Amino acid sequence: MYGFSDLLILGCLFVSGFNYGYYCKYVDIYDNLWNHWYAICGCLMLLIVATGWCLRHYKKRQFLYENFYIIFHGLITNVICSCFMLNNDMDTAFYFGFTAMVVIYLPCFSYIYLRCDPQGLRPFALALGNSCYYFGLTLGFALYNEFEAKLCGWVLFALSTLMILLLIINECLHYHNYQNYKMSCDLVYNLLNDEKLLYASNSSVKALFIGRDDYVFKRNTQYLVVAIAFIILLEKSSLHSYTYLHLTWSATYAYLHSQYWYLPFSCYTTGCLMGCVLMLRYKPKLIYLQFAIIKITLTSAVLLVYNDHLLEKCFLFLCLYYLSMGVYSSVGLQMLIESCPFLYIELALAISYVMEIGATEASKYETKGEDIYPIVLSIGLSTICLTLICAILVLVFLPNSKGLIEMRNNLLGIYRQPIKSYTNKLHSNNYFLQLEIPVTSEVIVDNNRVFHQYPPNEKDKQIMKY
């Protein structure tokens, strides 16, 4: 990471988010609330694609890197969506748009996690993909205008066509051996994939380590961690809380005297970019814990300063609320991808996305009334409780990012025993020898091993090479 194909994946995630931004603007601002049929069709298509892909993996016993072929079909569907938008047929356009969005989303994240080396850059790569997706969502939300559907259709058509051209260029580069996108940066993963051992059952994997002294068996926690990852991803859907979005829009108008509908999503995207940068330096567990506590504090502040007649008091707290949510938004996705069995990763991604969309659609039924504070209070308290529970679960169960195969083995309860060091450190634990550490001369053997000669050779203090 990163080559042309990896950057292309980030661009495709931007297009997927751009489509979803159009949809969110259509249903949230223009009050077209009964549009769940779009979401239902999109979710069904997502589950069908994920199930078919998993069955193909099971049959072939290999990961065949078909991501770009699936993305190509999603981009073609996006072009069809833009054509209906150019004809002002928005109802049909969003059926195709939602289908394109989910078909592009799934293979993109399925590809990103494979293209990272085992040195711990996977959290950063997933956070970067998450940032591109929400950047597209924010831009689509800001640009969409129901009364200028043709202009929006041309923008979507241009983006989709550009990505199709780049997809063709990517295939040409691969065909002429200028790049090879059909391989992982994890060498052990590639080896098992070539030998068709990647999708072996858990019992078969454990059988390989029975009787070995350098490995020890512990409790299998794989499916427990997967279930916890789904809970953490469910907390992520609080971004689309209808009550808090309307509260933010009202506070924005009261504070800035202008309507910036995209402000909550722009704050969230800024938080995603911040989280992406922080992933390069800090562990995801620490980032999640810190910003979950900040989110809880900000939610409490909103509940304390809320006043129906002075909504501008909530403005800055709400901006920081969405920003803090964005910082740790990719941790749940990382936890799901790294802990799920290889055979079911695409299906797990599809189910998590369906859960997120379902929670988003359900939030549109949050009760409306003249006195909104009881609703804000109930949603705020439930958000605080859920965030606190998720922070504790992440602190306890989130595994450290490493090689894909090693992570799989650790979740199955297979751990490598610590290697014993046979270096003579007598002078380190003996009081009398600590008074004067012996001086030795080093002799390099075979350019790898170093032999410490004692007493040192006074005639030749230079390093001898053999």
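**Entry 1: Leu318**

I began with Leu318, which is buried, its relative accessible area being 0%. The model I consulted is a predicted one. I placed Leu318 in helix α13, which spans residues 315-327. I then looked up what Leu318 touches, setting aside residues up to four places away in sequence, and found Tyr244, Leu247, Thr248, Ala251 and Val302. For one of these, Thr248, I also noted the spacing of the backbone: its C-alpha atom and that of Leu318 are separated by 6.4 Å, although the two residues are 70 residues apart along the chain.

**Entry 2: The chain as a whole**

I next turned to the overall make-up. I recorded 18 helices and five strands in the chain. The chain has 466 residues, and buried residues make up 51% of them. I asked what share of the contacts with a separation of 6 or more comes from residues 24 or more positions apart. The share is 80%.

**Entry 3: The nonpolar cores**

I noted as background that in soluble globular proteins nonpolar side chains tend to be buried together. In this model I found that the largest nonpolar core has 135 residues. Which residues have the most contacts inside this core? I listed Tyr20, Met85, Phe98, Tyr133, Tyr189, Tyr288 and Ile357.

I followed up Tyr133. Leaving aside neighbours within four places in sequence, I found Tyr133 in contact with Leu13, Ser16, Gly17, Tyr20, Met101, Tyr105 and Tyr353. I also recorded a second, separate core of five residues, among them Val205, Phe209, Leu412 and Ile414.

**Entry 4: Helices α3 and α4**

I reminded myself that two packed helices are described by the angle between their axes and the distance between the axes. For helix α3 (residues 67-86) and helix α4 (residues 90-112), I noted an angle of about 160° and axes 8 Å apart. Angles over 145 degrees count as roughly antiparallel, and α3 is therefore roughly antiparallel to α4. I recorded the crossing of α3 and α4 as left-handed. In the contact of α3 with α4, I found 17 nonpolar and eight polar residues, with no charged residues.

**Entry 5: Helices α12 and α16**

I then examined helix α12 (residues 284-305) and helix α16 (residues 373-397), whose axes come within 9 Å and cross at roughly 165°. I therefore entered α12 and α16 as roughly antiparallel to each other. The crossing of α12 and α16 is left-handed. How do the residues of the contact of α12 with α16 divide by class, and what did I find? I found 15 nonpolar, five polar and two charged residues.

**Entry 6: Positive phi values outside glycine**

I closed with two residues in loops. Tyr65 is in the loop between α2 (36-60) and α3. I noted that phi of Tyr65 is near 55°, a positive value in a residue other than glycine. Is Tyr65 buried or exposed? I found that Tyr65 counts as buried, at 4% relative accessibility.

Asn177 is in the loop between α6 (149-175) and α7 (187-194). I recorded a positive phi of about 65° for Asn177, which is not a glycine. At 69% relative accessibility, I entered Asn177 as exposed. I thus have one buried residue, Tyr65, and one exposed residue, Asn177, in this entry.

Key: Residues numbered from 1 in each chain as written. Heavy atoms only, no water. Axes fitted to C-alpha atoms, helices over the stretch in contact; angles between N-to-C directions. Helix = DSSP H or I, 4+ residues; strand = E, 2+ residues; numbered from the N terminus. Parallel < 35°, antiparallel > 145°, perpendicular 65-115°, else oblique. Left-handed = near helix turned anticlockwise from the far one by under 90°. Nonpolar A, V, L, I, M, F, W, Y, C, P; charged D, E, K, R; others polar. Core = buried A, V, L, I, M, F, W, Y, C linked by side-chain atoms within 4.5 Å. Buried < 20%, exposed > 50% of the residue type's maximum accessible area, 1.4 Å probe, protein only. Contact = heavy atoms within 4.5 Å.
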